[in-house]
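Reader: I'm new to reading structures, and the labels confuse me. Could you go through some with me and show how each one is earned?

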Amino acid sequence: MTGPPQVRPDTSSRATLDKATDENFPVAPFFLPRAWRDDLMAVYGYARLVDDIGDGDLAPGGADARHLGVDAGRADDRLVMLDALEADLRRVFEPGAPAPGHPLLRALAPAVRRRSLTPEPFHGLIEANRQDQLLRRYKTYDDLLAYCELSANPVGRLVLQITGTASPERVRRSDAVCTALQIIEHLQDVTEDLGRDRIYLPAEDMARFHVTEADLAAATGNASVRALIAYEAERAGRLLNEGTPLVGSVHGRLKLLLAGFVAGGRAALASIAAAGHDVLPGPPKPTKPRLLREVGAVLRSAHREG
């Protein structure tokens with residue numbers, strides 16, 4: 001029996017999907033069932049597209065704008081592009097609507113149908129990127145957590161929906177893991193974010209540690225910057241630990257996937273610590289051996305708890 005025809009990604013969509021290899025955690029590793037991998041990559045492709053629009057990182061040539069029906073003269077307007085993407089997304093969920101214009105959304109549609117996915121997480125990702133265009137500083141840690149509720153937590157919830165394992169407790173643990181991973185990524189990318197005139201370090205914490213924006217623009221972090229990064233890393237680590245029991249609550253290959261998510265965060269935190277919490281020269285990245293060691297540690301911990 002043959003399955004539904006596959007949507008072939010064009011060059012710009014392929015470039016978007018290829019970014020999966022740069023993530024701190026495995027997106028759709030080989031050991032998962034093929035159906036899960038296909039659906040996880042479809043969701044990843046959508047999420048990466050939203051972020052690339054929000055960050056101005058789309059492939060050159062304007063193919064994404066053409067797919068979304070945006071005039072070439074407005075292709076650099078990120079809010080216009082996000083609005084067009086949201087309109088295309090509605091075609092995925094509206095019965096009888098025309099097929100979406102963008103190949104990545106056409107590839108998403110079968111996953112939505114197969115897994116009965118709801119539109120809320122997908123809209124949350126768009127709203128987070130709209131917020132990125134309008135809000136470039138966060139006053140408090142709670143403000144940052146509210147942003148992560150839109151920008152990160154939907155992804156974990158979609159993983160649980162795709163694998164048929166969602167429950168209120170698992171969603172709570174997943175949210176903790178995803179928020180931690182988002183904060184860790186922000187810590188790695190302080191310099192890159194500042195280049196986009198964005199700071200995800202809460203202003204109240206910067207004031208507490210006597211860190212200025214000029215300090216963040218330096219080539220290397222002074223003692224105050226490093227102390228601030230260490231403080232935020234510790235908070236992210238606590239969140240990651242809060243969510244880690246999620247791994248022990250599932251079985252089989254899903255356990256290994258979720259262990260990879262948690263281990264990716266732990267390995268990234270270890271790389272930040274190994275750099276003396278000086279993230280300004282460039283994002284500290286975990287080595288593959290370190291990641292594998294962390295996966296083993298997470299799985300052993302889940303086995304003990306189980």
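Author: Sure! This is a predicted model, and a good place to start is Asp205, which is buried with a relative accessible area of 4%.

Reader: What makes Asp205 count as buried?

Author: The cut-off for buried is under 20% relative accessible area. Asp205 has 4%, so the label fits. Arg235 has 11%, so Arg235 is buried too.

Reader: Why is the link between Arg235 and Asp205 called a salt bridge?

Author: The label asks for a side-chain nitrogen of Lys or Arg within 4 Å of a carboxyl oxygen of Asp or Glu. Here an Arg and an Asp meet at 2.5 Å, N to O, so the pair passes. Arg235 sits in helix α13 (residues 223–243) and Asp205 in helix α11 (residues 203–208), with their positions 30 residues apart in the sequence.

Reader: Which residues do salt bridges with shared partners join into one network?

Author: Asp83, Glu86, Glu127 and Arg130. The structure as a whole holds 23 salt bridges.

Reader: How do you know that Arg115 and Asp39 form a salt bridge?

Author: Their side chains come to 2.6 Å, N to O, and the limit is 4 Å, so they qualify. Arg115 belongs to helix α5 (residues 103–115) and Asp39 to helix α2 (residues 34–55), so this pair ties together parts that lie 76 residues apart in sequence.

Reader: Are Arg115 and Asp39 buried or exposed?

Author: They get separate labels. Asp39 is at 0%, under the 20% cut-off, so Asp39 is buried. Arg115 is at 22%, which falls between 20% and 50%, so Arg115 is called partly exposed.

Reader: What about Glu213 and Arg137, what joins their side chains?

Author: A salt bridge again, at 2.9 Å, N to O. It links distant parts of the chain: Glu213 in helix α12 (residues 213–216) and Arg137 in the loop between α6 (120–134) and α7 (141–151). Glu213 has 38% relative accessible area and Arg137 has 28%; each value sits between 20% and 50%, so each residue counts as partly exposed.

Reader: What makes Leu134 exposed?

Author: Exposed needs over 50%, and Leu134 has 67%, so Leu134 clears that bar. This leucine lies in helix α6. Together with Leu79 and Leu135, Leu134 forms a nonpolar patch on the surface, with about 270 Å² of accessible area between them.

Reader: And inside, which members of the largest nonpolar core touch the most other members?

Author: Tyr46, Leu85, Phe122 and Leu201, out of 81 residues in that core. Helix α15 (residues 252–274) gives the most to it, with 10 residues. In soluble globular proteins, nonpolar side chains tend to be buried together.

Reader: What does Phe122 touch, leaving out residues up to four places away in sequence?

Author: Val43, Tyr46, Leu89, Phe93, Leu108, Val112, Leu117 and Leu158. Leu158 is also one of the buried residues of helix α8.

Reader: Why is helix α8 described as largely enclosed?

Author: Seven of its 10 residues (the helix covers 153–162) are buried, so the rest of the structure largely encloses it. Among the buried ones are Asn153, Pro154 and Gly156. After α8 comes Gly164, with a positive phi near 65 degrees.

Reader: How do you know that Asp88 is buried?

Author: Its relative accessibility is 1%, under the 20% limit, so Asp88 counts as buried. Asp88 is part of helix α4 (residues 78–93). Setting aside neighbours within four places in sequence, Asp88 is in contact with Leu68, Pro100, Gly101, His102 and Leu105.

Reader: Why is the pairing of the Asp88 and Arg91 side chains called a polar contact?

Author: The distance limit for N or O atoms is 3.5 Å, and these side chains are at 2.5 Å, so the distance part is met.

Reader: Where is Val250, and is it buried or exposed?

Author: Val250 is in the loop between α14 (245–248) and α15. At 2%, under 20%, Val250 is buried, so a loop position can earn that label here. Val250 touches Arg170, Lys255 and Leu258, not counting residues up to four places away in sequence. Arg170 is 80 residues from Val250 in sequence, yet their C-alpha atoms are 9.2 Å apart in space.

Key: Residues are numbered from 1 along each chain as its sequence is written. This is a predicted model: local features need pLDDT of at least 70, side-chain atom pairs count only at pLDDT 80 or more; totals for chains, interfaces and linings use all residues. Side-chain values use heavy atoms; hydrogens and water are left out. Helices (H or I, at least four residues) and strands (E, at least two) are DSSP runs, numbered from the N terminus. Buried means under 20% relative accessible area, exposed over 50%, partly exposed in between (1.4 Å probe, protein chains only). A nonpolar core is a set of buried Ala, Val, Leu, Ile, Met, Phe, Trp, Tyr and Cys residues joined through side-chain atoms within 4.5 Å. Contact means heavy atoms within 4.5 Å. Patches are made of residues with over 30% relative accessible area and no salt bridge: like charges are joined within 9 Å, nonpolar side chains (Val, Leu, Ile, Met, Phe, Trp, Tyr) within 5 Å. Accessible areas come from the Shrake-Rupley method with a 1.4 Å probe; for residues, only the protein chains shown count as cover. A polar contact is a pair of N or O atoms within 3.5 Å; within protein, one must be able to donate a hydrogen and the other to accept it, and residues adjacent in sequence count only if both atoms are side-chain atoms.
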